[in-house]
Amino acid sequence: MTQTRPQEQVYQHIDVRPLAGSLGAELLGVDLANLSEEAFAEIHRAFLEHSVVFFRDQSLTPDQHKDFGRRFGGLNIHPTYEPLPGHDEILAVVKDKDAKHNIGDTWHTDVTFLPEPPMGSILYAREIPPYGGDTLFANLSMAYDALSDGMKAMLDGLNAIHSNAYLLGGKDGDEDRNKTRSTKLREDKRQVLSAVHPVVRTHPETGRKCLFINQAFTTRFENMTREESQPLIDFLVRHASRPEFTCRFRWAEGSVAFWDNRCTYHYALNDYHGFRREMHRVTVNGDRPI
Ligand SMILES: [Fe+2]
């Protein structure tokens, strides 16, 4: 399988340690609450080069977390989940000791049911279990590059429908998920939201082509039925999440992950039953995929 990682770049203000051959790098020597312009510019460059970047031992107030996000753009208020009290732009992703389900245990890209899905999400670990709760990421431009020319030609002209029906319990009929999760759906926003996006998008900053369908929110291809679409959606998700295209991050309290939501999947493992996990997410607005 061809892997096309770009030439590694040189950094002077941060220490960049790639995590895997496909994507992901830990950025050391960084205090996100106190960033110089030079360090910020290199973090942005590393983010584009590695698609997901990780920071350790950060200490952020909710306002500092939001301030870091705002350096990349406006902040998204999650359209479906309850926000952190007092901070509409922060989603508290919590699983309590006695909760059964978590959030994010499918291969997905965040909030793709909006016309302009986020450019990135910044997840900050406040409380983590003694083991488990890792997050996996996958590189969707590398996955696209590895498809056959025939499959690429077929996908290049296709659009897909994305919907939040899965979160609301409509896609798989699992109405109990909200009852057995700690982070709750907003009672005032239970309407189905949907958007149409190209199946292959061009990254607005790197120019690379990326697969842009996912397991959680893509319901079908435009002008096709759900039954006709699902086998190809299943294949593409299986293909894009091959181990060769992924990395896996082990959290500690104070860790931060910042993923490029335009060209990656992530998957939050639910393997820490009996322990509490609390993460705060700031989500940066993006543009309409083309
Ligand atoms: Fe997510």
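This is a short tour of a predicted model, with a suggestion at each stop for what to select next.

**Stop 1: the iron ion**

Start by selecting the iron ion together with His108, Asp110 and His266. These three residues coordinate the metal at 2.2 Å: the two histidines use NE2, and Asp110 uses OD. Along the sequence, the donors follow the spacing H-x1-D-x155-H. Now colour the chain by secondary structure and find where the histidines sit. His108 belongs to the loop between β4 and β5, while His266 is part of strand β14, so the pair ties together parts that are 158 residues apart in sequence.

Are these two histidines buried or exposed? His108 is buried, at 6% relative accessible area, and His266 is buried too, at 5%.

**Stop 2: the largest cavity**

Next, switch on a cavity display if your viewer has one. The structure holds 3 cavities of 30 Å³ or more, and the largest encloses about 330 Å³ of space. A lining of 27 residues surrounds that largest cavity, and those closest to its centre are Ile103, Gly104, His108, Asp110 and Arg281. You have already met two of them: His108 and Asp110 also coordinate the iron ion.

Which elements should you highlight around the largest cavity? Pick β4 (90-95), α5 (165-168), β14 (264-268) and β15 (277-284), each of which supplies at least two lining residues. Strand β4 gives the most, with 4 residues. If you colour the lining by residue class, you will find 14 nonpolar, 7 polar and 6 charged residues.

**Stop 3: strand β5 and its partners**

Now select β5, residues 120-127. Of its 8 residues, 6 are buried, so this strand is largely enclosed by the rest of the structure. Show the neighbouring strands as well. Strand β13 (residues 256-260) runs antiparallel to β5, and 5 bridges join them. Strand β15 also pairs with β5 in the antiparallel sense, over 7 bridges.

Ser121 is a good residue to click on here. Which residues are its partners in β13 and β15? In β13, Ser121 stands opposite Trp259; in β15, its bridge partner is Thr283.

**Stop 4: aromatic rings**

For the last stop, show the side chains of the aromatic residues. There are 15 aromatic pairs to look through. Begin with Phe68 and Phe258: their ring centres are 6.0 Å apart and their planes meet at 75°, so this pair is edge-to-face. Phe68 lies in helix α2 (residues 62-70) and Phe258 in strand β13, so the contact ties together parts that are 190 residues apart in sequence. Both Phe68 and Phe258 are buried.

Then move to Tyr131 and Phe275, another edge-to-face pair, with 5.2 Å from centre to centre and 80° between the planes. This pair also links distant parts of the chain, 144 residues apart: Tyr131 is in the loop between β5 and β6 (135-139), and Phe275 is in the loop between β14 and β15. Try a surface view here. Tyr131 counts as partly exposed, at 46% relative accessibility, and Phe275 is partly exposed as well, at 27%.

To finish, select Phe40, Phe47, Phe55, Phe68, Phe72 and Phe258 together. Ring pairs link these residues into a cluster, which takes in the Phe68 and Phe258 pair you looked at a moment ago.

Note on methods. Residues numbered from 1 in each chain as written. Predicted model: local features only at pLDDT ≥ 70, side-chain atom pairs only at ≥ 80, totals over all residues. Heavy atoms only, no water. 1 Å grid on protein atoms, 1.4 Å probe; cavity = no way out; pocket = protein on both sides within 12 Å on 5 of 7 lines; lining within 4 Å. Points joined across faces, edges and corners; volume = space filled by probe spheres on them. Nonpolar A, V, L, I, M, F, W, Y, C, P; charged D, E, K, R; others polar. Donors = N, O, S within 2.8 Å, 3.2 Å for Na, K, Ca; no water. Buried < 20%, exposed > 50% of the residue type's maximum accessible area, 1.4 Å probe, protein only. Pairing = 2+ DSSP bridges. Phe/Tyr/Trp six-rings, centres within 6.5 Å; stacked < 30°, edge-to-face > 60°.
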